[in-house]
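Biologist: Please show me the model, and then explain how each label is earned.

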Amino acid sequence: MMTTLIETKDLTITFGGHIAVDGVTIAVPKNHFKSIIGPNGAGKTTFFNLLSGQLSPSKGSILFNGKDITKFTPTKRTREGIGRSFQITNVFPNLTVLENVRLAVQSQRGLRYTMFSHFKKYKDFETKSIDWLKLVLLDEKKDSLAKNLAHGEKRKLEIAMLLALETEVLLLDEPTAGMSLEEVPAILEVIKKIKEQGNRTIILIEHKMDMILDLSDSVMVLFNGRLLADGTPNEIMQNELVQSAYLGGLHDE
Amino acid sequence: MKWTYNNRANAIYFIIAAFLLLLPFVHDSRSLFILLTQVFIFSIFAMSYDLLLGFTGIVSFGHAMYFGIGAYAIGVFMKRYEPTNLNFVLAILTTILLTAIISFFVGLLTLRLKSHFYAMLTLSLSGLFLVLAEKWRTLTYGNDGFTFRVPEILKDRTDFYFICLICMIAVFLILSRFTNSPVGRVLQAIRENEQRTESLGYQVLHYKIIASIISGIFAGIAGILYAVSLRFVNTSVFALDITLDALLMTIIGGVGTLVGAIIGAGLIEFAHHWLTALAKEHWIFERWIIFFGIIYILAVMFFPLGIVGTLKSINWKRRKKPDVKKEEKLAG
Ligand SMILES: Nc1ncnc2c1ncn2[C@@H]1O[C@H](COP(=O)(O)OP(=O)(O)OP(=O)(O)O)[C@@H](O)[C@H]1O
Ligand SMILES: [Mg+2]
């Protein structure tokens, strides 16, 4: 029943002399919810960059559905079914909010090389995009340019674009970072809903551990690029190594 | 709201097009028609450049190479063979074929080269064509170039005016459609954020190549019309000035808007014409490139969006206020 969807083997990347991700080996089952925690600079985002293909590892490999995807481009990985959102907001600044999401929907529907029919012809793309925007409570801003959004709103757009891709795997890099406190519950609710649908594999990076403990099936802890611990939320809470390293790190902030 | 804006814009375009189409029937000033014909030709060229610069965000300094290929293709065909309609069509097909092949490979280079390296490379590539045109004397007659005869249908200035006007309108309509197609929308996404476009699952290189080829072909067509208008071609069609003209036209008119490219072409061509006339009064006006430099600097400083972009943003601000009130009413 627990078929493995994503597997990393000894995944390592070095920048100059600095080892940002150091021999990480994990296996994520299908439809699993995994959280990644770790102090600043632990290598969490870098680990995502390796999974989504923005960076290629110095050593090690990544398997998706048993297939080696280590050499795949980001484009190809998205098409295989690995979608991601970015910690540092990464949208199309001079396009409208609606157009940002519509482009994701267009890709999801596989409409990639149609050159001479008008984009408005695909009316349902727009309807679908508005649905996604509603889900993240951003539909009222659909006609604003993305660059004019407040920081928290950009974060929501980022999530809507990821969701619109409807990929099997969702990599969420600190989705709620920078949102105002009132906005966070709504976004967590969205993530919870997707989890409850039960057909997605979600990996989530989060700083605020307490927020995601009850959502997660498992939690892995990165520290200095190394995998410090990987287990159920309870195991991680009890883990002394984590207590001293990660929680100690938290107090440094 | 958007709809009414588009409709009003369409109405204005329609009126201007109708005016230009009727002009020869009510007015006849040979020099004005020649000047307007140049405007139409350079509008096509500037729109093709804007597809790269304004829509896809590719900076090329070698756009003159496609223009020159078109110009030489027609010149050589008309000179070496009889100036018949068939040969004219063959020259067009040759231009399309050559520009498509070359722009395919030039587009492929965007894979390896990042922005300014790419710009430099295209600059030297078009330089290569310039040298080729100088050295291949049997075909090009070197630096001095050559005159040639044109088919009967292109002989009349008024007819040629109509042909160029219709070509411009056609290119405008085709490119409007194209830039609003699903592919065109992805081009604009690439301009905004290439990496994100990739992670949405689009193969960025394919789109850059598509943009490069379409842009190259239309630049070649502009080159054909240009050479026909002069009935002469020499190496100046490959010169950097041609590319710079396109750059100025798109930036002054407003990057990322096809109308901007047309307005820019109009302004530059008219300014060029007046400055040349003024040069008889004072030598300083001969250095018109200085004036264009100044205009360019002023435009970038005060109208970074170009003429069309600035107009659009003014419109938008004016409309915004009543809109907010409406929303408040709905909410309350
Ligand atoms: N492209 C890069 N080039 C050089 N060094 C990098 C690069 N990307 C990341 N690093 C370094 O790798 C280390 C890990 O960074 P990473 O962004 O993965 O941390 P993180 O765990 O996501 O931290 P945060 O919680 O602050 O987001 C840091 O020391 C960072 O400076
Ligand atoms: Mg990070």
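Modeller: I start with a pocket: H2(B) gives the largest share of the lining of the second largest pocket, five residues. Keep in mind that this is a predicted model.

Biologist: Which other helices of chain B supply at least two residues of that lining?

Modeller: Besides helix H2 (30-56), they are helix H10 (204-230), helix H11 (240-253) and helix H12 (258-278) of chain B. The lining of the second largest pocket has 19 residues, and B:Gln38, B:Phe42, B:Tyr226, B:Glu269 and B:His272 lie nearest the centre of the pocket. By class, that lining divides into eight nonpolar, seven polar and four charged residues. The space in the second largest pocket is about 420 Å³.

Biologist: What makes the largest cavity a cavity and not a pocket?

Modeller: A pocket is an open set of points, whereas in a cavity a 1.4 Å probe fits but cannot get out. By this rule there are four cavities of 30 Å³ or more. The largest cavity has a volume of about 40 Å³.

Biologist: Which residues line the largest cavity?

Modeller: The lining is made of A:Ser52, A:Gln54, A:Pro74, A:Thr78, A:Ile82, A:Gly83, A:Arg84 and B:Ser199. Strand S6 (82-84) of chain A gives the most to this lining, with three residues. H2 of chain A also supplies at least two. The classes are two nonpolar, five polar and one charged.

Biologist: Why is the pair B:Arg185 and A:Glu99 called a salt bridge?

Modeller: The rule asks for a side-chain nitrogen of Lys or Arg within 4 Å of a carboxyl oxygen of Asp or Glu. The N to O distance for B:Arg185 and A:Glu99 is 3.4 Å, so the pair meets the cut-off of 4 Å. Across the interface of chain A and chain B the rule finds two salt bridges.

Biologist: What else describes the interface of chain A and chain B?

Modeller: There are 22 residue pairs in polar contact between the two chains, counting pairs with both residues at pLDDT 80 or more. On the side of chain A that touches chain B, helix H2 (74-80), helix H3 (97-108) and helix H5 (151-165) of chain A each supply at least two residues. The largest share of that side comes from H3(A), with six residues. The residues of that side divide into 17 nonpolar, 10 polar and six charged.

Biologist: How many residues of each chain are in contact, and what area is buried?

Modeller: In contact are 33 residues of chain A and 27 residues of chain B. The area buried between the two chains is about 2800 Å², and carbon and sulfur atoms give 56% of that area. The size of an interface is often given in this way, as the accessible area lost when the parts come together.

Biologist: How do you know that A:Asp124 and A:Arg109 form a salt bridge?

Modeller: Their closest N and O atoms are 2.9 Å apart, and the cut-off is 4 Å, so the pair qualifies. A:Asp124 lies in helix H4 (residues 123-135) of chain A and A:Arg109 in the loop between H3 and H4, so the pair ties together parts that are 15 residues apart in sequence. Over all chains the structure holds 19 salt bridges.

Biologist: What is notable about phi of A:Asn65 and of B:Arg231?

Modeller: Phi of A:Asn65 is positive, about 55°, although A:Asn65 is not a glycine. A:Asn65 sits in the loop between strand S4 (59-64) and strand S5 (67-68) of chain A. B:Arg231, also a residue other than glycine, has a positive phi near 55°. The place of B:Arg231 is the loop between H10 and strand S2 (232-233) of chain B.

Conventions
Residues numbered from 1 in each chain as written. Chains lettered and ligands numbered in written order. Predicted model: local features only at pLDDT ≥ 70, side-chain atom pairs only at ≥ 80, totals over all residues. Heavy atoms only, no water. Contact = heavy atoms within 4.5 Å. Buried area = accessible area lost by both parts, 1.4 Å probe. Polar contact = N/O pair within 3.5 Å; in protein donor to acceptor, adjacent residues only side chain to side chain. Helix = DSSP H or I, 4+ residues; strand = E, 2+ residues; numbered from the N terminus. Nonpolar A, V, L, I, M, F, W, Y, C, P; charged D, E, K, R; others polar. 1 Å grid on protein atoms, 1.4 Å probe; cavity = no way out; pocket = protein on both sides within 12 Å on 5 of 7 lines; lining within 4 Å. Points joined across faces, edges and corners; volume = space filled by probe spheres on them.
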